[in-house]
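Biologist: Please put the model up. I would like to go through its packing and its charged pairs.

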Amino acid sequence: MCDREKDTNVRLSLPAVCVVWQTAMIILFGVFIRYDHESDAHWVEHRKHLNLTDIENDFYFRYPSFQDVHVMIFVGFGFLMTFLKRYSFGGVGFNFLIAAFGIQWALLMQGWFHSLDYTDGKIKIGIENLINADFCVAGCLIAYGALLGKVSPVQLMVLTLFGITLFAVEEFIILSLIHARDAGGSMVIHTFGAYYGLSISWMLYRPNLHQSSRLQGSVYHSDVFAMIGTLFLWMFWPSFNSAICDHGDGQHRAAINTYLCLASTVLTTVAISSLFQKHGKLDMVHIQNSTLAGGVAAGTAAEFMLMPYGCLIVGFCCGVISTLGYIFLTPFMEKRLKIQDTCGIHNLHAMPGVIGGIVGAVTAASASVEVYGHEGLVNTFDFEGKFKDMVPTTQGGHQAAGLCVALCFGIGGGIIVGAILRLPIWGDPADDDCFDDETYWEDVRICNVKSEVSRYFSTQKLLGCRKKKKALLISLSAQHSFGIIHTS
């Protein structure tokens with residue numbers, strides 16, 4: 001299948017998928033989705049009955065975090081994927097497409113598991129549901145990072161449909177059945193999403209991808225745009241990890257822990273990047289990605305008593321491991337394991353996600369009344385209801401089990417979905433057309449460059465010999481910058 005002739009015309013398949021699936025969302029929302037009591041017009045009566053004020057509506061507590069997470073999903077992830085010299089439209093645009101469809105399907109899937117009102121069979125949604133839907137979409141966007149530039153938009157829609165479904169199931173198992181705590185999603189979001197994408201990439205391995213190697217790189221301006229995504233993600237990651245924590249000390253502590261992990265990661269990333277580069281120069285790939293690894297690893301233990309110095313240690317370790325992963329592990333995975341990881345999600349999400357799961361298990365197992373207090377221990381680990389007799393050591397085991405479930409769902413689900421995406425019906429690009437916006441976008445920018453190059457050559461006959469040479473160099477430089485030709 002890898003060597004078959006490709007047909008990238010998605011004129012019928014992409015509109016059909018978008019229209020049919022959006023119609024299905026409208027119907028399903030009409031049947032199942034309703035406002036919860038805090039967003040319904042009956043809130044006024046509910047408020048008076050319980051002697052509440054409008055400011056006690058959960059919207060005012062959660063909306064700032066929701067906005068931060070929302071910016072991360074649409075701006076942070078989107079711009080982080082613009083580093084390729086001729087795939088910026090695809091990086092931002094397809095990120096937009098995945099997220100817009102994914103949040104709708106996530107509200108339904110997560111609603112059936114967590115927010116279904118059995119009295120009337122309706123899913124009741126509020127601001128926290130919107131945050132969780134964004135979390136759900138984040139797993140699919142992480143998976144997209146491994147496949148960036150190598151798949152069609154139709155394949156991405158299929159990836160999202162199955163990814164959201166698998167995410168909702170594994171999240172329910174980990175959080176509700178196993179009773180693991182994972183506020184920032186090191187296991188549920190990052191580990192699952194990364195291994196889901198890596199497994200699909202393994203199934204879609206392209207032995208002749210070197211034919212597009214001229215485009216599998218960055219230019220100055222594309223790296224600057226990607227760095228914008230990095231900074232948005234870095235700044236808002238404390239909100240991501242604390243968004244659905246309990247109000248009060250849990251949410252406060254989660255923001256602090258994430259903040260410190262991220263700060264520590266930046267310094268160690270810079271150190272390792274400089275150490276392993278000739279003349280101590282920095283690699284922008286490391287700065288764009290590895291500096292975020294601490295936020296990933298802080299997710300599971302975000303609301304635990306990790307202690308400030310512990311956060312710095314976690315961030316330090318993640319900066320080292322993630323950066324070394326880009327230097328040594330990514331080439332090894334492509335050459336030996338046949339996994340072509342465009343964005344290096346194994347180094348940014350997979351390994352730090354596993355580290356976060358391990359840190360969460362160890363921190364939970366070592367929790368004590370002396371550190372948390374009795375009420376703090378019950379509140380942090382939700383030792384209530386059928387779990388009221390659970391002890392920290394047992395909770396640590398449950399945390400480890402949650403990590404195993406995330407790995408199984410990510411790898412197993414990715415292999416199954418990857419097999420589906422291998423079918424020759426999705427309009428994926430040929431090996432020599434990967435990482436190129438021209439395949440699926442009307443790229444006006446390239447047309448402008450081509451016309452500018454033509455103008456240079458047409459005016460050369462009016463120029464002197466030295467000016468001809470200068471015009472030719474300018475033309476070649478412009479073409480090389482946009483990937484039209486490859487020069488050494």
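Modeller: One definition before we begin: a crossing is right-handed if the near helix is turned clockwise from the far one by less than a right angle, and left-handed if anticlockwise. Note also that this model is predicted.

Biologist: With that term in hand, which hand does the crossing of H5 and H7 have?
Modeller: H5 covers residues 127-147 and H7 covers residues 186-203. Their axes lie 7 Å apart, at an angle of about 35 degrees. The crossing of H5 past H7 is right-handed.

Biologist: How many charged residues are in the contact of H5 with H7?
Modeller: H5 contributes residues including Phe135, Gly139 and Ile142. From H7 come, among them, Ile189, His190 and Tyr196. By class, the contact has 11 nonpolar and 5 polar residues, and the count of charged ones is no residues at all.

Biologist: Step back to the whole chain. What percentage of the residues count as buried?
Modeller: The chain has 18 helices and 3 strands. It exposes about 21,600 Å², with 66% of that supplied by carbon and sulfur atoms. Buried means under 20% relative accessible area. Of the 488 residues, the buried share is 52%.

Biologist: What share of the contacts with a separation of 6 or more comes from residues 24 or more positions apart?
Modeller: Take the contacts in the chain with a separation of 6 or more. Residues 24 or more positions apart account for a share of 81%.

Biologist: Now the charges. How many residues apart in sequence are the parts tied together by glutamate 438 and arginine 86?
Modeller: A search of the whole structure finds 13 salt bridges. In one of them, glutamate 438 pairs with arginine 86, with the closest N and O atoms 2.8 Å apart. Glutamate 438 sits in the loop between H16 and H17, and arginine 86 in the loop between H3 and H4, so the pair ties together parts at a sequence distance of 352 residues.

Biologist: Within that pair, which residue counts as buried?
Modeller: The cut-off for buried is under 20% relative accessible area. Glutamate 438 has 39% and is partly exposed. The other partner has 5%, so the buried one is arginine 86.

Biologist: Which residues are linked in a network of salt bridges with Arg206 and Asp428?
Modeller: The side chains of arginine 206 and aspartate 428 meet at 3.7 Å, N to O. Aspartate 428 lies in the loop between H16 and H17 and arginine 206 in the loop between H7 and H8, so this pair ties together parts 222 residues apart in sequence. Both residues are buried. Linked with them in the network are Lys6 and Asp431.

Biologist: Arginine 253 and aspartate 249 also form a salt bridge. How many residues apart are they?
Modeller: Their closest N and O atoms are 3.0 Å apart. Arginine 253 counts as buried at 15% relative accessibility, whereas aspartate 249 is partly exposed at 41%. Both lie in helix H9, with a spacing of about one turn of the helix, or 4 residues.

Biologist: Last one: is threonine 230 buried or exposed?
Modeller: Threonine 230 is found in helix H8. Leaving aside residues up to four places away in sequence, it touches Leu80, Ile287, Gln288, Thr291 and Leu292. Its relative accessible area is 1%, so threonine 230 is buried.

Key. Residues numbered from 1 in each chain as written. Predicted model: local features only at pLDDT ≥ 70, side-chain atom pairs only at ≥ 80, totals over all residues. Heavy atoms only, no water. Helix = DSSP H or I, 4+ residues; strand = E, 2+ residues; numbered from the N terminus. Buried < 20%, exposed > 50% of the residue type's maximum accessible area, 1.4 Å probe, protein only. Contact = heavy atoms within 4.5 Å. Areas by Shrake-Rupley, 256 points an atom, 1.4 Å probe, with all protein chains shown as cover. Axes fitted to C-alpha atoms, helices over the stretch in contact; angles between N-to-C directions. Nonpolar A, V, L, I, M, F, W, Y, C, P; charged D, E, K, R; others polar. Salt bridge = Lys/Arg side-chain N within 4 Å of Asp/Glu carboxyl O.
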